[in-house]
Amino acid sequence: KTPKLNKLGSKEWEKTKTKVRSAVNEVAKDLVELYALRQESQGYQYGKDTVWQKEFEEMFPFEETEDQLAAIEDTKADMESTKIMDRLVCGDVGYGKTEIAIRAAFKAVQEGKQVVYLVPTTILAQQHYTTFVQRMKDFPVRVDLLSRFRTPAEIRQTLTDLQKGFVDIVIGTHRVLSKDVVYKDLGLLIIDEEQRFGVTHKEKIKKLKECVDVLTLTA
């Protein structure tokens, strides 16, 4: 009986390997096509930093590290070019990745572009929402949250205002990937820990990525 079980296990293992290989090939094909599309397209070119941008950054209550400043400058340079940004920022907790995202978002909003910040958990969405609201409270920037912490009425209002362009920045979990979420003029997609999203969500993320600047944050 043992050899028979081993043989059956071997067949199942081969089937699994074939399925995985096929799935990986499909993902790779999709990524190549997406990359080619983004390379051929011309992205929105942002202007140089404004007085508001400088004032906003000076209000940061901590001292920036050299690596953090370099990442911020590189991100801005990408946004100011004609190419569609596709930047990955790696850093441990405490590195200051959120501040890099906040400054990029503020730069986008100043030119009438909307920003979506996608995070893997509800708690993280709430934390980032609180941080963004606190940092931007002295400026005319509207930040909304889309997660299960919001009531149905609040979500409906956010969806309506997003489509009208009244919401500048929306932070949320995979809820921001739903079909009923329509942006008036999306310019920047910020993704926190993309590897933590499932296949279905990644397909939706891929659609969002087609023609907007992308800033991915990971540890």
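# Helix packing around H4 in a predicted model

Thr98, Glu99, Ala101, Ile102, Ala105 and Phe106 of H4 come up against His128, Thr131, Phe132, Arg135 and Met136 of H5. Sorted by class, the residues of this H4 and H5 contact are six nonpolar, three polar and two charged. Please keep in mind that the model is predicted.

## The chain at a glance

The protein chain holds seven helices and six strands. Along the sequence they follow the pattern α-α-α-β-α-β-α-β-α-β-β-α-β. The chain has 219 residues, and 42% of them count as buried. How are the contacts spread along the sequence? Taking contacts between residues at least 6 apart in sequence, 76% join residues at least 24 apart.

## Three helices against H4

Let us return to H4 and look at its partners one by one. Two packed helices are described by the angle between their axes and the distance between the axes.

H4 covers residues 97-109 and H5 covers residues 122-136; they pack at about 55°, with axes 11 Å apart. Because of that angle, H4 is oblique to H5. The crossing of the pair is right-handed.

H2, residues 51-58, packs against H4 at an angle of about 155°, and the two axes lie 10 Å apart. What orientation does this give H2 relative to H4? Angles over 145 degrees count as roughly antiparallel, so H2 is roughly antiparallel to H4. The crossing in which H2 passes H4 is right-handed. On the H2 side, Trp52, Gln53, Phe56 and Glu57 make the contact, and on the H4 side Ile102, Arg103, Phe106 and Lys107 do. This set divides into four nonpolar, one polar and three charged residues.

H3 and H4 have axes that come within 10 Å and cross at roughly 30°. That angle makes H3 roughly parallel to H4. Here, too, the crossing is right-handed. Gln68, Ala71, Ile72, Thr75, Lys76 and Met79 of H3 touch Glu99, Ile100, Arg103, Ala104, Lys107 and Ala108 of H4. The classes in the H3 and H4 contact are six nonpolar, two polar and four charged.

Here is the geometry once more, side by side.

| Helix pair | Angle between axes | Axis distance |
|---|---|---|
| H4 and H5 | about 55° | 11 Å |
| H2 and H4 | about 155° | 10 Å |
| H3 and H4 | roughly 30° | within 10 Å |

## The nonpolar cores

In soluble globular proteins, nonpolar side chains tend to be buried together. In this model the largest nonpolar core has 33 residues, and the members touching the most others are Phe132, Met136, Ile169, Ile190 and Leu215. Which elements supply at least two residues each? They are H3 (66-79), H4, E2 (114-118), H5, E3 (143-146), E4 (169-172), E5 (186-192) and E6 (213-218). H4 gives the largest share of this core, with eight residues.

A second core, separate from this one, has 20 residues, including Leu159, Val170, Leu189 and Val212.

Ile169 gives a closer view of the largest core. Setting aside neighbours within four places in sequence, Ile169 contacts Ala105, Val109, Val115, Phe132, Met136, Val141, Arg142, Val143 and Asp144. Two of the residues in that list, Phe132 and Met136, also appear among the H5 residues that meet H4.

## Two loop residues

Is Lys48, in the loop between H1 (2-40) and H2, buried or exposed? Its relative accessibility is 66%, so Lys48 counts as exposed. Beyond its neighbours within four places in sequence, Lys48 is in contact with Glu80 and Lys107. Lys107 is one of the H4 residues in the contact with H2 and in the contact with H3. Lys48 and Ala77 are 29 residues apart along the chain, and 8.9 Å separates their C-alpha atoms.

Val182 sits in the loop between E4 and E5. With a relative accessibility of 33%, Val182 counts as partly exposed. Outside its neighbours within four places in sequence, the contacts of Val182 are Leu162 and Gln163. Asp161 is 21 residues from Val182 in sequence, with a C-alpha to C-alpha distance of 9.6 Å.

Technical notes:
Residues are numbered from 1 along each chain as its sequence is written. This is a predicted model: local features need pLDDT of at least 70, side-chain atom pairs count only at pLDDT 80 or more; totals for chains, interfaces and linings use all residues. Side-chain values use heavy atoms; hydrogens and water are left out. Axes are lines fitted to C-alpha atoms, for helices over the stretch in contact, and angles run from 0 to 180 degrees between N-to-C directions. Helices (H or I, at least four residues) and strands (E, at least two) are DSSP runs, numbered from the N terminus. Angles under 35 degrees count as roughly parallel, over 145 as roughly antiparallel, 65 to 115 as roughly perpendicular and the rest as oblique. A crossing is left-handed if the near helix is turned anticlockwise from the far one by less than a right angle, and right-handed if clockwise. Contact means heavy atoms within 4.5 Å. Ala, Val, Leu, Ile, Met, Phe, Trp, Tyr, Cys and Pro count as nonpolar, Asp, Glu, Lys and Arg as charged, and the others, Gly among them, as polar. A nonpolar core is a set of buried Ala, Val, Leu, Ile, Met, Phe, Trp, Tyr and Cys residues joined through side-chain atoms within 4.5 Å. Buried means under 20% relative accessible area, exposed over 50%, partly exposed in between (1.4 Å probe, protein chains only).
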